[in-house]
Structure formats: C-alpha cells, structure tokens
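Ready for a few exercises? Try each task yourself, then read the solution that follows.

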Amino acid sequence: MAEAKPTPQDVLHRIQHSPPRSDWMETPVEIRKGMYCYAANPKSVATLGLPHPHAWNPVEDDWHLPENWQQIIHEGFKERLERFRSFKVFMDICVRCGACADKCHYFIGTGDPKNMPVLRAELLRSVYRNDFSRMGRILGKLNGARPMNFDVLREWWYYLFQCSECRRCSLFCPYGIDTAEITIMGRELLNLLGLNIDWIATPVANCYMNGNHLGIQPHAFKDMIDFFVDDIEEKTGVRVKPRFMEKGADILFITPSGDVFADPGTYTAMGYLMLFHYLEEKYGLKVTWSTYASEGGNFGFFTSHETMKRLNAKMYAEAKRLKVKWILGGECGHMWRVIHQYMDTMNGPADFLEVPVNPITGTRFEQARSTKMVHLVEFTADLLHHGKLEIDKRRNDYLNVTFHDSCNPSRGMGFFEEPRYVIRNVCNHFYEMPANTIREQTFCCGSGAGLNAGENMELRLAGGLPRANAVQHVHRKYGVNMLACICAIDRAALPALMDYWVPGVQVTGVHELVANALNLPGQNERTTNLRGEEFEELMAQAEGHTDEG
Amino acid sequence: MNKRYLFAFLVVFVLFLAAGLGSAVGLQWLFGVVIPYAAVIVFVAGFARKVLNWAASPVPFAIPTTGGQGRSFDWIPQAKIDNPSGGWGVLLRLLFEVLTFRSLFRNTRMRLKEEKIAYQLEIFLWVGALAFHYAFLTVLLRHTRFFLEPTPGCIQLLETLDSFFRVEILYPGIQFGLPAVYLSGFVLLLAVVYLTLRRILIPAVRYVSLVSDYFPLLLIFGIALSGILMRYVTKVDIRAVKELTLGLVTFRPTVPEGIGAVFYIHLFLVSVLIAYFPYSKLMHLGGIFLSPTRNLRGDTRAYRHVNPWNYPVPVHTYEEYEEEFREKMIEAGLPVEKELAEAAQEKE
C-alpha cells in the first residue's frame with residue numbers, strides 16, 4: 001500500500017503495443033509482482049481432493065512439481081484432445097491472421113504481446129505441435145513447436161491467469177476459435193500439478209463445504225440477510241420477510257454470495273429482497289433462499305470442468321429437496337454462462353422441476369424450457385412488460401446511467417435487451433457507451449475468471465482500461481455517474497476501476513435501481529436511496545452538475 | 001530480416017527450381033504423372049483422416065459464441081443469424097461465416113490516441129481474404145475444363161464472366177490480352193501479395209507468424225505467377241496440356257511432347273500445395289464447419305445438449321452439510337431435515 005501508484009496518465013503513455021525485437025519463444029517470461037495472483041493454499045486444493053496439493057511460490061525457481069510432471073501434462077493434454085472437439089479443432093485451424101490481437105482487454109491495457117489471444121493460444125499450440133504433430137516436430141521452433149519444459153510451464157501459468165475467459169476474441173475470429181476454451185484446458189492441465197491460484201482454489205473449497213465462495217456458514221448467512229432486512233426497514237419503513245429453505249415454496253432463488261458480502265453488491269441484494277417482498281405481498285409468490293445453495297457463481301469453472309460440475313450440482317439438488325417449481329438466478333456473469341451452457345448437460349435433466357411459468361403474468365419462459373432456471377432480469381423484464389410493478393422512476397432521476405454488458409451473459413447467452421428494458425423502465429436517464437464496447441463487443445471488467453484478487457491490481461487496472469475508457473467517454477459527454485451491471489464480479493471489481501480511471505462514477509446492480517424505484521406497499525416517504533443518501537441532496541447535486549454542463 | 005519468411009521463400013524457390021530442372025532433364029513422367037497422383041492420394045487420405053480425427057472427439061458442451069440478442073420473449077427481437085435457435089438458424093450462421101466471413105467483417109482496429117481508445121472499422125483484411133478465396137475458387141472452377149470433355153456450359157459461362165473486362169494491348173512487340181484476360185488470376189495474385197506483405201509489414205502479425213503461415217502464401221504466389229506466365233507470356237500448348245490432364249483423370253496417363261517447363265513448375269507447386277493441405281492450417285477449410293462456437297444453437301437453456309462422457313462426480317450433499325451445521329442452523333432458526341435428538345438417536 002505504501003508504494004505510490006502511477007497516475008492513469010503515466011500508465012496510458014507507457015503502454016507500448018509494438019512487439020519487442022526478440023522472438024516470442026526466445027523471450028523468457030518474467031513473473032512480475034502486481035500481475036499475478038498468489039499460489040493456491042494446499043489445504044483448499046486438498047479439500048476437494050484435487051491433484052497434488054502442495055505449497056509453492058510462483059516467483060521461486062522450484063515449484064515443487066511431481067517428478068513426472070511433463071508426462072502428466074502430456075497425458076492430460078491427450079485426454080482433453082480426445083474429450084473435447086473444440087480443443088482439437090482450435091489447436092489445428094488457427095491461421096494467425098491477427099484479427100484477435102487487439103481485441104483482448106489485457107493486450108490493450110498491457111501491450112504485452114503474449115496477451116494477444118493468438119499468442120496465448122500459441123503457448124499451448126507450440127507444445128501441441130511438438131507432442132502431437134509430426135510436421136511440427138520436424139521443423140521445431142522454426143514452425144512454432146517446442147517441447148514442454150519449466151520455462152514453458154511458467155509462461156503457461158503466468159498468461160493463462162491473465163485471461164479472463166471473456167471470449168471477445170472468439171467473436172472476431174473467422175473460425176470462432178475461443179481462447180476461453182483454450183485457457184480452460186490450460187488451467188485444467190495446471191491443476192493436474194496443483195498449480196491453481198488461491199483466489200480461485202479457496203473460494204472453491206469454501207463453496208464446496210459451506211455452500212458459498214466466501215465460506216459464510218448458514219447462521220451467518222441468515223444474519224447477513226437479516227441485517228439487510230433491518231436496513232431496508234430503516235430506509236423504506238417496510239419490514240421484508242425473506243424465506244429460507246422453505247419446502248414447497250414456488251421458486252428457489254440463488255445469487256452470487258458476493259451480493260450479500262460487499263458494497264455495492266449488498267444494495268443489489270437488498271433490491272432482490274424488496275422485489276420478492278413486493279411480489280409476495282401483492283401476488284402471493286413465495287421465493288425461498290437457501291444457505292446450502294447460497295452461491296450462484298462457480299469458481300469451479302475456472303478450475304476444471306469436473307470441479308464446475310461438483311459445485312453446480314447443489315443448485316438442482318437443493319431445488320429437488322425443497323420441491324420448488326423452478327429456479328430463479330440473480331445477477332451474475334460467469335454463473336449464467338455455466339447455467340446457460342453447462343448446467344443442464346452436466347447435472348440435468350431437471351425433470352423434477354416444471355417448465356418455468358411466471359404465475360403473475362402467465363408468461364411461459366420458453367427460453368428456459370429445459371434447464372428450468374430463469375434469470376432474475378428477464379423475470380423482472382416480464383413483470384415490467386405486463387405492468388405488474390408499481391414504479392416511481394423519479395427516485396432514480398439523479399442518476400445518469402450507462403450499462404456495462406458483462407462478458408458471459410453477452411457472448412454466452414446474448415442477454416442484451418432484457419437488462420436495457422429493465423433499466424429504461426426504472427430510470428429516466430440512460431446512455432449507451434460507444435457501439436464497439438457494448439453488447440456482444442463488450443469489454444471485460446478486467447477481473448473475471450477468478451482474477452479479482454488484491455495482489456494483481458496492476459493487471460486488473462490494465463485489463464479494465466478499455467471498459468473504463470468507454471465509461472469516461474459517456475461520463476464526459478452525458479455526465480454519466482452510474483455504471484449499471486448484472487455481474488457480482490463487476491460489482492466487486494468496477495468500483496476500484498472507476499476510482500482509478502474515472503472518479504465520480506459509481507457502480508450498481510440493476511436490481512438496486514429497480515428497488516429504488518419500486519413502490520412497496522405501506523412504505524414511508526422514501527427520502528433516501530438504498531445507500532442511505534438523501535434524495536434531496538442527490539437531486540440538488542445532479543442539477544448543479546447539469547447547470548455547469 | 002526474419003528467418004521464418006526467408007525459409008519459406010527458400011523452400012518455394014527450391015521447389016520451383018526442382019520442377020524446372022526436372023522437366024528439362026526428362027523427368028516429365030515424374031512431375032506430370034507420378035507426383036500429381038501421389039499428391040491427390042495424400043490429399044484425400046490426409047483430409048479424410050483429419051476430419052475423422054476431429055469428429056472422433058465428442059462435443060461435450062454447447063458453447064456457441066453468441067453474437068447478438070438471444071431467443072427471449074416475443075416482444076424482444078432475436079438476432080437469428082448471430083444467435084440462432086434452430087437448425088436452420090445454425091445453418092444460416094455457418095453459411096454466412098463460410099461464404100461472407102461474417103466474423104472477420106466485424107474486425108476493428110484499436111488506436112490509443114491522446115488518452116482515448118478508439119476502434120475503427122478495419123475492412124482490408126476482410127476484403128483481402130474475400131478476394132483471395134473467391135478468386136481462388138473461380139480459378140479452381142475454371143480449371144475443371146482441363147478435366148472435362150466437353151467443357152460444361154456453366155464453366156464456359158464462368159469464363160465469360162471472368163473475362164468480362166477485356167484488356168488488350170496489341171502493338172508490335174507488346175501483345176497482351178489475347179487470349180482473353182481472366183480477372184480471377186490477377187486478383188488472386190494481388191490478394192496473395194497483399195496478404196503476404198501484411199504479414200511481413202504489420203509488426204504484431206509478423207511477430208506471431210510461422211513458417212507455415214508464409215509457406216502456403218508463397219506457394220500460391222508461385223502457382224498464380226506460373227499460371228499467368230503460361231497463359232499470357234510463354235503461351236503454353238493448351239491442347240497438349242489438356243491431353244495430359246485428361247489422361248490423368250481417365251487413368252490413361254500420357255506425357256505429350258512440347259509442354260514447356262513452366263507447366264511442370266505450375267503442376268508441381270499445385271501438387272505440393274494439395275499434399276501439404278491436410279497437414280497444415282489450410283485445414284481451416286474443414287475446421288470451420290466443426291467449430292463448436294459457430295455450429296451450435298444459442299438457446300441452450302431450451303434444449304438439453306448431451307455429453308457422451310458425462311460421469312458422476314463426488315459432491316458435498318445437503319445431508320453432509322446439515323450434519324456439520326445442524327446445531328448452528330437450529331439456533332439461527334433455519335429449518336433442518338433432522339432435529340438434534342433425531343440425529344443423535346441415529347448415531348447411536
């Protein structure tokens with residue numbers, strides 16, 4: 001903390017996008033402080049019985065690898081080629097056209113050529129060519145083939161944990177080569193040697209044993225929600241009554257635990273509670289929370305496919321135990337990629353659940369027909385569309401809102417109009433960021449895929465630059481002061497990013513905006529927002545800003 | 001200087017010389033018959049092997065990259081090509097990808113200027129790639145006239161279209177344009193030059209380029225150049241060539257007299273290209289159809305994708321969870337499956 005951070009201007013002027021003179025295979029990796037996350041705690045690795053738990057330090061020369069580690073990697077590589085057509089095809093068909101190069105937020109923010117998606121993939125391809133292709137082996141380095149050794153392994157580790165699996169590159173690739181897929185495989189291989197990072201391994205262990213990444217035990221989880229209940233009462237005069245693990249409730253609600261833990265996610269969690277209270281009071285809808293399945297996010301996804309499945313299994317298991325009709329999921333990014341593209345395949349079929357129908361509007365969620373899990377934002381959009389929520393938009397009038405599309409709902413779902421529809425229906429002032437930075441072309445917050453630790457802040461700020469730069473544009477042009485998102489990692493990561501690059505812009509979940517505008521039956525004057533800030537002051541400030549502008 | 005493109009250039013140059021010299025010292029049978037046959041066999045076998053090898057690996061998860069609004073409510077319009085929800089949608093997405101390079105069309109170029117990052121449309125790679133592939137296709141189709149007798153009407157029509165722009169220079173000493181100039185050959189040559197120069201001149205692209213990126217470009221350059229030389233400059237004996245090519249496809253190979261060295265160079269480079277094809281990145285031709293981010297439907301919550309190797313995994317069950325926290329849960333007023341007494345009884 002004592003070290004002075006370089007100013008944003010310094011950082012911007014220092015970024016060099018032209019590659020160095022030395023060939024990339026001849027340029028040894030330097031594992032630099034601020035860019036990497038600490039090694040996994042062996043206890044956490046052991047909790048799930050994952051391979052080779054051991055203490056090690058990335059900056060030391062001995063990683064205490066098993067004797068036959070090269071063989072483990074080779075066999076693991078082979079096994080994954082046989083199991084995943086994606087991996088095999090992506091190893092073979094890249095033409096290195098370079099279209100992906102400047103699409104990666106980490107490359108834009110660091111200028112490090114190995115952060116170009118094509119080179120990140122070549123780190124693995126070079127070993128693939130050596131191990132699995134005759135042509136590659138004959139020509140050797142000249143044709144980008146090299147045997148696995150400790151230097152290559154260090155390079156893998158360093159750069160595979162500088163990829164947030166956002167898939168922006170895969171959108172631009174003429175063959176759809178998906179670096180996320182390659183990173184996922186690479187990280188699986190590293191996990192065979194016990195080389196995870198702690199920011200992933202420990203949340204995974206927590207989630208496995210305690211039900212959520214933060215390791216909050218059941219009674220503490222309930223305490224935290226109760227705290228929100230008090231807070232909501234203080235601000236609205238209404239005491240909401242959340243349900244916990246109630247058998248026979250209509251819907252099981254699961255959201256990332258980050259929402260109950262840290263600001264500004266907590267306000268989003270309060271928003272959920274208020275919405276559910278409203279729906280129960282008005283329409284008798286019973287939504288239950290669970291402390292066993294109290295994690296929507298899935299850091300197992302950043303460890304291995306198997307770990308992802310082991311953590312995800314709780315969602316269906318708990319829904320089955322509680323005999324609910326279907327599942328509702330909170331605002332989260334990678335959680336929704338897992339639900340949308342993996343859950344049903346891994347842990348389905350969910351034939352013990354019903355095809356989701358909104359009992360209030362009668363809408364049948366055809367888009368979730370098989371998986372039987374609905375996104376809270378599409379649920380709310382449906383309610384708003386049918387005029388089932390009493391909204392007073394004026395309470396959000398002090399806000400000039402822009403929306404950050406999170407990577408996974410964007411490029412893993414195509415979830416664009418739903419959040420915009422909700423925001424437009426609860427806010428009067430909404431502005432889009434430039435077209436090349438939103439929707440399917442959106443930029444990562446710079447902290448996705450388990451990289452939102454504290455020790456790699458330099459990497460996070462660099463990776464978040466393209467997003468921040470686009471926010472700065474609308475901040476200057478339209479006076480945007482609120483960055484809305486539907487991802488818990490965004491809510492945890494973007495405030496630091498904004499403080500650094502665009503001071504004056506705050507971060508919110510969409511359901512905080514909904515709750516601020518939602519009229520609860522029996523509410524008081526509502527003189528403050530959920531953050532406890534007086535509307536009068538906020539409006540005056542906002543007007544002052546407009547006058548100046 | 002970069003040893004990667006120099007090496008590739010050297011290899012192509014040696015191949016060029018080998019065929020030129022070979023045909024001059026009487027190895028016409030080798031370069032005109034044996035090698036082309038061998039190349040075709042290698043191509044067919046290698047291509048099939050590669051595709052079968054890809055197909056042998058299953059697609060465990062549906063992981064399309066969604067490029068637009070997904071299927072939602074009736075009142076939200078879906079991006080039916082970029083985020084398809086049915087078989088037809090997927091087919092359309094693939095067709096647009098293969099025929100128009102839709103993803104590449106999105107290409108932008110990032111510029112960091114005065115503390116602002118801008119993204120400009122970068123269309124040249126798309127134009128270059130499209131010109132290259134379509135010119136190549138046209139040239140390829142035109143060449144079927146060498147293997148079919150009589151030449152089908154559609155090929156003749158293609159030739160007419162391809163020679164739509166008449167370029168004729170008819171002066172004593174300089175004669176150009178007779179026979180008719182085919183646009184495709186020159187577009188192919190220009191596109192190859194552009195793609196090669198781009199690879200050499202753009203620092204980031206040069207940085208990631210391998211020998212196997214330069215080699216096919218230079219090889220195709222050699223093919224296009226020798227083809228153009230043959231047609232417009234050395235004026236190869238077209239009837240003799242057709243006799244040879246028809247002999248090849250009817251399995252009655254002959255080597256007629258009087259075909260110049262340029263033809264053998266041309267044929268040899270083509271043979272090398274097709275034999276090299278299945279073992280190289282050129283297999284993106286087949287791979288694009290098997291790319292799971294492009295050939296799967298986007299509405300993955302509506303249809304269950306089956307993973308053939310899905311296996312059971314150990315999980316931490318609710319029972320184990322309650323066992324650990326039962327007391328605390330009861331104290332906090334959370335419902336439990338078994339009360340303390342019941343659980344204690346069971347333990348005994």
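A crossing of two helices is called left-handed if the near helix is turned anticlockwise from the far one by less than a right angle, and right-handed if clockwise. Keep that handy for the first exercise, and bear in mind that this is a predicted model.

**Exercise 1. Work out how helix 6 and helix 8 of chain A run relative to each other, and which residues make their contact.**

Step 1: Find the two helices. Helix 6 of chain A covers residues 117-132 and helix 8 of chain A covers residues 150-160; their axes come within 10 Å and cross at roughly 150 degrees.

Step 2: Turn the angle into a direction. Angles over 145 degrees count as roughly antiparallel, so helix 6 and helix 8 of chain A are roughly antiparallel to each other.

Step 3: Add the hand. With the definition above, this crossing of helix 6 and helix 8 of chain A comes out left-handed.

Step 4: List the residues. Helix 6 of chain A brings A:Arg120, A:Leu123 and A:Val127, while helix 8 of chain A brings A:Val152, A:Glu155, A:Trp156 and A:Tyr159. Sorted by class, that contact has 5 nonpolar, no polar and 2 charged residues.

**Exercise 2. Describe the side of chain A that touches chain B.**

Step 1: Count both partners. On chain A, 93 residues are in contact with 84 residues of chain B.

Step 2: Look for the top contributor. That's helix 15 of chain A (residues 305-322), which gives the most to this side, with 7 residues.

Step 3: Sort by class. The side of chain A that touches chain B has 42 nonpolar, 24 polar and 27 charged residues.

**Exercise 3. Decide whether A:Ser290 is buried or exposed, and say what touches it.**

Step 1: Place the residue. A:Ser290 sits in the loop between strand 3 (287-289) and helix 15 of chain A.

Step 2: Count neighbours. The cut-off for buried is 20 or more other C-beta atoms within 10 Å; A:Ser290 has 27, so A:Ser290 is buried.

Step 3: Name the contacts. Leaving aside neighbours within four places in sequence, A:Ser290 is in contact with A:Met245, A:Leu252 and A:Glu318.

**Exercise 4. Find the residues with the most contacts inside the largest nonpolar core, then follow up A:Met498.**

Step 1: Go to the core. The largest nonpolar core has 238 residues, and those with the most contacts inside it are A:Met274, A:Ile423, A:Val471 and A:Met498.

Step 2: Zoom in. Not counting residues up to four places away in sequence, A:Met498 touches A:Ala468, A:Val471, A:Leu483, A:Val505 and A:Val507.

Step 3: Set this in context. In soluble globular proteins, nonpolar side chains tend to be buried together.

**Exercise 5. Track down some backbone oddities: cis peptide bonds and positive phi values.**

Step 1: Recall the usual case. Most residues other than glycine have a negative phi, and most peptide bonds are trans.

Step 2: Check the peptide bonds. The one from A:Gly348 to A:Pro349 is cis, with omega near -5 degrees, and A:Pro349 lies in the loop between helix 16 (334-347) and strand 5 (373-375) of chain A. B:Glu149 and B:Pro150 are also joined by a cis bond, with omega about 0 degrees.

Step 3: Check phi. B:Glu115 has a positive phi near 65 degrees and belongs to the loop between strand 1 (108-113) and strand 2 (116-121) of chain B. B:Glu115 has 12 C-beta neighbours inside 10 Å, so B:Glu115 counts as exposed.

Terms used:
Residues numbered from 1 in each chain as written. Chains lettered and ligands numbered in written order. Predicted model: local features only at pLDDT ≥ 70, side-chain atom pairs only at ≥ 80, totals over all residues. Axes fitted to C-alpha atoms, helices over the stretch in contact; angles between N-to-C directions. Helix = DSSP H or I, 4+ residues; strand = E, 2+ residues; numbered from the N terminus. Parallel < 35°, antiparallel > 145°, perpendicular 65-115°, else oblique. Contact = placed C-beta atoms within 7 Å. Nonpolar A, V, L, I, M, F, W, Y, C, P; charged D, E, K, R; others polar. Core = buried A, V, L, I, M, F, W, Y, C linked by C-beta atoms within 7 Å.
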